[in-house]
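The following account examines a protein model through its aromatic contacts, its strands and an internal cavity. The reader is invited to keep the sequence and the three-dimensional view at hand.

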Amino acid sequence: MTSRASRISRPGTLDPLGPLRDPQEPGCDVFLTGTVFLDIIFTGLDSAPVRGTESWARGMGSSPGGVANMATALARLGLRTSLAAAFGDDHYGEYCWDALEQGEGIDLAMSRTVPGWHSPVTVSMAYEGERTMVSHGHEAPPPAGPGPFPWCPPRARAAVASLAAGRREDWIGEAARRGSRIFADVGWDDTGRWDLGSLTDLEHCEAFLPNAGEAMRYTRTDCPRAAARALAEKVPVAVVTMGSEGSYAVDSRTGETAEVPAIAVEALDPTGAGDVYVAGFVTGSLAGWPLADRLAFAGLTAALSVQEFGGSLSAPGWAEVAHWWRTAPEELRGRYAFLDALVPPGAVPCYRRRAVPTIGFRSPA
């Protein structure tokens with residue numbers, strides 16, 4: 001197993017934490033770890049694939065996926081992002097590494113290349129506003145050494161974790177002890193028990209951001225808002241995303257609640273939208289924005305992402321946010337007026353790498 005020296009070439013972007021920075025601050029804004037997939041995305045399917053038939057998609061894209069979705073979304077919003085992950089030493093792994101480090105400016109100093117291990121792959125098929133995924137991969141072998149990977153998270157303002165029932169991750173508690181604010185989402189509970197007590201690392205979290213289905217199952221409620229209020233008894237900030245209805249949040253420290261409707265857009269591919277939402281919320285939280293503004297910004301970034309292919313390379317940056325704000329519908333301008341003080345005046349959309357049908361050409365296309 002080898003670790004490549006990090007060669008970050010950070011693209012120019014607005015720094016949302018600029019007014020808060022000082023010489024003594026951590027060099028990392030957000031730390032995260034997880035599995036990087038090579039995503040192959042098919043769009044333009046009229047319906048779900050039917051057994052025994054061949055379906056043709058009108059669109060296709062490839063991009064880094066898995067935890068790369070969140071890392072890319074954070075970096076494109078100007079946060080100094082550190083990712084600890086295993087990469088295969090195949091072409092897929094090399095492509096993902098270079099796309100994240102060179103293309104997005106993500107610090108991969110804590111990541112490693114695993115000889116002989118092939119990259120996990122996910123095929124995502126988008127149709128009827130939803131997506132179906134098929135994945136293949138094997139767990140990366142543990143690194144040499146006495147402790148788990150990552151051995152010790154860097155000192156960071158925040159860390160993003162994905163909780164799983166019955167599993168404790170030592171790095172989460174260590175990150176919290178080192179002063180990181182922990183933001184967490186959660187996946188589907190395959191056990192079917194939906195026991196909130198089994199999410200043992202929830203005790204370290206500042207904010208928990210499940211979707212409505214997950215939140216209601218964990219709290220035994222039949223309403224997303226009731227679920228958020230129940231979760232706020234366990235974490236300082238509970239955010240429940242409600243799809244086309246928007247999101248609802250409760251801050252148990254202040255008693256504040258907020259609800260922001262979703263922005264209606266024509267979605268091309270919803271892959272990774274939840275990760276982009278969390279990245280937007282983390283950005284606003286670290287910048288100290290009001291709760292409702294954080295929900296609105298997170299929803300906006302997610303809405304912009306679903307109009308592009310893939311999960312990671314669909315994530316918007318500040319140029320895309322600025323472009324949307326200049327052309328925003330009149331009925332939304334009051335809710336998003338906080339963007340006036342944030343987006344660069346006169347900013348124009350810049351080129352960002354997007355998902356393309358293949359991972360590379362021998363010569364420029």
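**Aromatic contacts, strands and a cavity**

The charged end of R217 is placed over the ring of W194, at 5.7 Å from the ring centre. The model under discussion is a predicted one. A second arrangement of this kind involves R333, which lies over the face of W325 with a separation of 4.0 Å from the ring centre.

The aromatic residues may be considered next. In total, the structure holds 11 aromatic pairs. One of them joins F183 and F281 in an edge-to-face arrangement, with 6.4 Å from centre to centre and 75° between the planes. Because F183 belongs to strand β10 (residues 181–186) and F281 to helix α6 (residues 273–287), this pair ties together parts that are 98 residues apart in sequence. F183 and F281 are both buried.

W194, already met beneath R217, also takes part in an aromatic pair, with Y218 as its partner. This pair is edge-to-face, with the centres 5.0 Å apart and the planes at 75°. It links distant parts of the chain, since W194 is found in the loop between β10 and β11 (205–208) and Y218 in helix α4 (residues 212–219), 24 residues apart. W194 and Y218 are each buried.

Further along the chain, ring pairs join W289, F297, W318, W324, W325, Y336 and F338 into a cluster. W325, a member of this cluster, is the residue whose ring face is covered by R333.

The discussion now returns to the strand that carries F183. Of the 6 residues of β10, 5 are buried, so the strand is largely enclosed by the rest of the structure. Strand β9 (residues 156–163) pairs with β10 in the parallel sense, over 6 bridges. Within this pairing, F183 of β10 is the bridge partner of V160. F183 thus has a strand partner in V160 and a ring partner in F281.

How many residues of strand β13 are buried? In this strand, which spans residues 247–251, 5 of 5 residues are buried, and the strand is mostly covered. S247, A249 and D251 point one way from β13, whereas Y248 and V250 point the other way, and all are buried.

β13 has pairing partners in β12 and β14. Strand β12 (residues 237–241) pairs with β13 in the antiparallel sense over 5 bridges, and V240 stands opposite Y248 of β13. The hairpin of β12 and β13 has 5 residues between the strands, and G243 there adopts a positive phi near 60°. Strand β14 (residues 256–260) likewise pairs with β13 in the antiparallel sense over 5 bridges, with A258 of β14 as the bridge partner of A249. These two strands form a hairpin with 4 residues between them, in which the turn residue G255 has a positive phi of about 80°.

Finally, the interior contains 2 cavities of 30 Å³ or more. The second largest cavity has a volume of about 40 Å³. Its lining consists of V36, A86, F87, G88, G93, C96, W117, S119 and P120. The elements giving two or more residues to this lining are β5 (86–88) and α2 (91–104), and β5 supplies the largest share, with 3 residues. By residue type, the lining of the second largest cavity divides into 6 nonpolar and 3 polar residues, with no charged residue.

Notes. Residues are numbered from 1 along each chain as its sequence is written. This is a predicted model: local features need pLDDT of at least 70, side-chain atom pairs count only at pLDDT 80 or more; totals for chains, interfaces and linings use all residues. Side-chain values use heavy atoms; hydrogens and water are left out. Rings of Phe, Tyr and Trp (its six-membered ring) pair if their centres lie within 6.5 Å; planes under 30 degrees apart count as stacked, over 60 as edge-to-face and the rest as tilted. Buried means under 20% relative accessible area, exposed over 50%, partly exposed in between (1.4 Å probe, protein chains only). A charge sits over a ring if NZ of Lys or CZ of Arg is within 6 Å of the ring centre and within 35 degrees of the ring normal. On a 1 Å grid over the protein atoms alone, a cavity is a set of points where a 1.4 Å probe fits but cannot get out, and a pocket is an open set with protein on both sides within 12 Å along at least five of seven lines; lining residues have an atom within 4 Å of a point. Grid points are joined across faces, edges and corners, and a volume is the space filled by probe spheres set on the points. Ala, Val, Leu, Ile, Met, Phe, Trp, Tyr, Cys and Pro count as nonpolar, Asp, Glu, Lys and Arg as charged, and the others, Gly among them, as polar. Two strands pair if DSSP finds at least two bridges between them.
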